Amino acid sequence: MIIYEISANVRLDLTGEYEQFMRETHIPDLLETGYFSGAELERVTDGVYRARYLAENRETLEDYFQTEVERLREDFNKKFPKGIDVSRQILEILEIWKSV
């Protein structure tokens, strides 16, 4: 399992609009591509967010990058041309333990 994680530092006056856009538009659009099995949106602290998208494997994520990522990033950047700084990372889940 692969986690594609995007951290966003959002200007405080944009946080409500950002949360609404992520919940109602961006995350549903991303999941609609079929490349991800789930997503999470987390608030780390005021103005700092993390979105995590779950892909089955690295190949699936690479397919997403080749086919859909530019369109979704462009849509995001049109909505928020200023006031949000993002960083991205890819994590590979090696093992999951569950409590009994």
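Contact here means heavy atoms within 4.5 Å. The legends below describe a predicted model.

**View 1. The whole protein chain, with three helices and four strands.** The order along the sequence is β-α-β-β-α-α-β. The C-alpha trace spans about 40 × 35 × 20 Å along its principal axes. A compact globule of 100 residues would have a radius of gyration near 13 Å, and the protein chain, at 14 Å, agrees with that. Of the 100 residues, 34% count as buried. Take the contacts between residues at least 6 apart in sequence: 75% of these join residues at least 24 apart.

**View 2. The surface and charges of the protein chain.** The accessible surface comes to about 6700 Å². Carbon and sulfur atoms account for 45% of that surface. The protein chain carries 13 positive and 21 negative charges. The mean positions of the two sets are 5 Å apart.

**View 3. Helix H3 (69-79) and what covers its buried residues.** Val69, Leu72 and Phe76 are the buried residues to find in H3. They cover an arc of only 75° around the axis, so they sit on the same side of H3. Their cover includes H1, H2 and S4. Glu70 and Lys78 lie on the other side of H3, where they are exposed.

**View 4. Helix H2 (residues 58-67) and its buried side.** Four residues of H2 are buried: Thr60, Leu61, Tyr64 and Phe65. Their arc around the axis is only 145°, which puts them on the same side of H2. Both helices and strands contribute to the cover over these residues. The helices include H1 (15-32) and H3 (69-79). The strands include S1 (2-10), S3 (48-55) and S4 (84-92). Turned away from the buried side is a face with the exposed residues Glu59 and Gln66.

**View 5. Glutamate 59, an exposed residue of helix H2.** Glutamate 59 has 54% relative accessibility. Exposed means over 50%, so glutamate 59 counts as exposed. This residue belongs to the face of H2 turned away from the buried side. For a distance across the model, pair glutamate 59 with isoleucine 6. The two are 53 residues apart along the chain, and their C-alpha atoms are separated by 19 Å.

**View 6. Asparagine 57, in the loop between S3 and H2.** Asparagine 57 has a relative accessibility of 28% and therefore counts as partly exposed. Glycine 34 serves as its partner for a distance. Asparagine 57 and glycine 34 are 23 residues apart in sequence. In space, C-alpha to C-alpha, they are 13 Å apart.

**View 7. Glutamate 68, in the loop between H2 and H3.** Is this loop residue buried or exposed? Glutamate 68 counts as buried, because its relative accessibility is 19% and the cut-off for buried is under 20%. Which residues does glutamate 68 touch, leaving aside those up to four places away in sequence? The answer is Thr33 and Tyr35.

Technical notes:
Residues are numbered from 1 along each chain as its sequence is written. This is a predicted model: local features need pLDDT of at least 70, side-chain atom pairs count only at pLDDT 80 or more; totals for chains, interfaces and linings use all residues. Side-chain values use heavy atoms; hydrogens and water are left out. Helices (H or I, at least four residues) and strands (E, at least two) are DSSP runs, numbered from the N terminus. The radius of gyration is taken over C-alpha atoms; the globule rule is 2.2 Å times the number of residues to the power 0.38. Buried means under 20% relative accessible area, exposed over 50%, partly exposed in between (1.4 Å probe, protein chains only). Accessible areas come from the Shrake-Rupley method with a 1.4 Å probe; for residues, only the protein chains shown count as cover. Lys and Arg count as positive and Asp and Glu as negative; His and the chain ends are not counted. The place of a charge is taken as NZ of Lys, CZ of Arg, CG of Asp or CD of Glu. The arc is that of the directions from the helix axis to the C-beta atoms.
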